[in-house]
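Let's read a protein structure together, one feature at a time. Keep the picture open beside you as we go.

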Amino acid sequence: MYHDIFCICSNAWDYVRGIIASDVEHDIMRCEEMITLIDDDELQMENSVDNYPSMVTENDYGKCLIATSDIEEGIAVAKFDGTWLKYKKDDMKPIPDEVPADDINHFLIIDEKNLVIPNTSARYINHSCDPNCKINDDMEVVTMRPVKQGEELTISYNVIDKKWIDATWDSRWDFICACNSPICQGVINKYVCRDGDKWVQVGKIMQNKEACVILSSE
Ligand SMILES: [Zn+2]
C-alpha cells in the first residue's frame, strides 16, 4: 500500500511518496523530530501548520498547490524556504553546478549570488501564463487577485522584466504549458515579457543536450 509520508524537519515539509517499508528508515535518519503518517482528512490540517491557506495536492499533471479557503488579493499563501546556496553567476550556466539534478526544476534564483532549493509547499507551485500569485521580497507567494477555495495557486516561471536582458533560459526547463489561459504561450522555452498583446523574448537561450534526455523520460 502506498502512503504519503510527511516529516517535520526544521519546520519544513519533506514530502516522500512510496512504500512505507522502504521509506521509513530513510526518513528516520533524516528527521529526528517525528514522522507522521496522515490520511486525507488530516492532510489539510497538517499543511496549515505554517499558517498559509494552501495545501499540496495532485492534479492531472502532478503535484500542485491549491487554496484551502477563499483568499483575497495580497495574501501570502506559501513561502519559498529550504536549502540556501551561494553560487557564482555564469551566463553559460543558467543552472549553477551547485544545484542537484533532482532540483533543476524547483530551485529559485534570489539574486546574482544566492539561490534557494525549496522544501516547503512552494516547491510544488505550478506555472501559469496568467498566474494568480507572485513572489514578494520575503520569498512569500502572494495572491495578485481573489482566489476561490480549491483553486490552483500559480506563479509565472518565465515572465520577467524587460530590463533583465542578460537573463539566460536553460532548455532543460522547457515544457508545454497547460494553463489554458487565453494568453497561454504554449511552449515555455524562453524568458519573455508582455508587450501589448504579444509575448516578446527577453534574454538568451542556452540549448542543453541533456534536455532531450530529461524531456523524453517524462
Ligand atoms: Zn500557459
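Q: Which strands form the open sheet in the order 6-12-11, and in what sense do they pair, parallel or antiparallel?

A: Happy to start there, and please remember that this is a predicted model. As a general idea, strands of a sheet pair through backbone hydrogen bonds, either parallel or antiparallel. Here, strands 6, 12 and 11 form an open sheet in that order, with antiparallel pairing. Strand 6 and strand 11 are its edge strands, and each of them pairs on one side only. On average, neighbouring strands of this sheet are turned by 25° against each other, direction ignored.

Q: How many bridges link strand 6 and strand 12, and in which sense do they pair?

A: There are 3 bridges between strand 6 and strand 12, and the sense is antiparallel. You can look for one bridge yourself: Ala78 has Val141 in strand 12 as its partner.

Q: What is the order of strands in the other open sheet, which has strand 9 in it?

A: That sheet has 3 strands in the order 7-9-8, and its pairing is antiparallel. Strand 7 (82-86) and strand 8 (108-109) are at the edges with a single partner strand each, so one side of each has no neighbour in the sheet. Strand 8 and strand 9 pair over 2 bridges, and Leu108 stands opposite Val116 in strand 9.

Q: What do strand 4 and strand 5 form, and how many residues lie between them?

A: They form a hairpin, with 2 residues between the two strands. Strand 4 and strand 5 run antiparallel and are joined by 6 bridges. Within this hairpin, Glu58 is found opposite Lys63 of strand 5.

Q: Now for the inside: which residues have the most contacts within the largest nonpolar core?

A: The general idea is that in soluble globular proteins, nonpolar side chains tend to be buried together. In this model the largest nonpolar core has 22 residues, and those with the most contacts inside it are Leu65, Ala67, Val77, Ala78, Ile125, Val141 and Leu153. Strand 4 (54-59), strand 5 (62-67), strand 6 (76-79) and strand 9 (114-118) each supply at least two residues of this core. Apart from it lies another core of 6 residues, including Val159, Trp169, Trp173 and Val202.

Q: Which residues does Ile125 touch, leaving aside its neighbours within four places in sequence?

A: Ile125 is in contact with Leu65, Ala78, Val141, Leu153, Thr154 and Ile155. For the protein as a whole, among contacts with a separation of 6 or more, 61% are between residues 24 or more positions apart.

Q: What percentage of the residues is buried?

A: Of the 218 residues in the protein, 26% are buried. The secondary structure comes to 3 helices and 19 strands.

Q: Where is Asn180, and why does it count as exposed or buried?

A: Asn180 is in the loop between strand 15 (175-176) and strand 16 (187-188). To judge exposure, we count neighbours: a residue is exposed if 12 or fewer other C-beta atoms lie within 10 Å of its own. Asn180 is exposed because it has 9. The phi of Asn180 is near 65°, a positive value in a residue other than glycine. Its C-alpha atom is separated by 9.1 Å from that of Asp130, and the two residues are 50 apart along the chain.

Q: Which phi value does Met139 have?

A: Met139 has a positive phi of about 65° although it is not a glycine. Met139 is in the loop between strand 11 (133-135) and strand 12 (140-143). It counts as partly exposed because it has 18 C-beta neighbours inside 10 Å.

Conventions: Residues numbered from 1 in each chain as written. Predicted model: local features only at pLDDT ≥ 70, side-chain atom pairs only at ≥ 80, totals over all residues. Helix = DSSP H or I, 4+ residues; strand = E, 2+ residues; numbered from the N terminus. Buried ≥ 20, exposed ≤ 12 C-beta atoms within 10 Å, placed from the backbone. Contact = placed C-beta atoms within 7 Å. Core = buried A, V, L, I, M, F, W, Y, C linked by C-beta atoms within 7 Å. Pairing = 2+ DSSP bridges. Axes fitted to C-alpha atoms, helices over the stretch in contact; angles between N-to-C directions.
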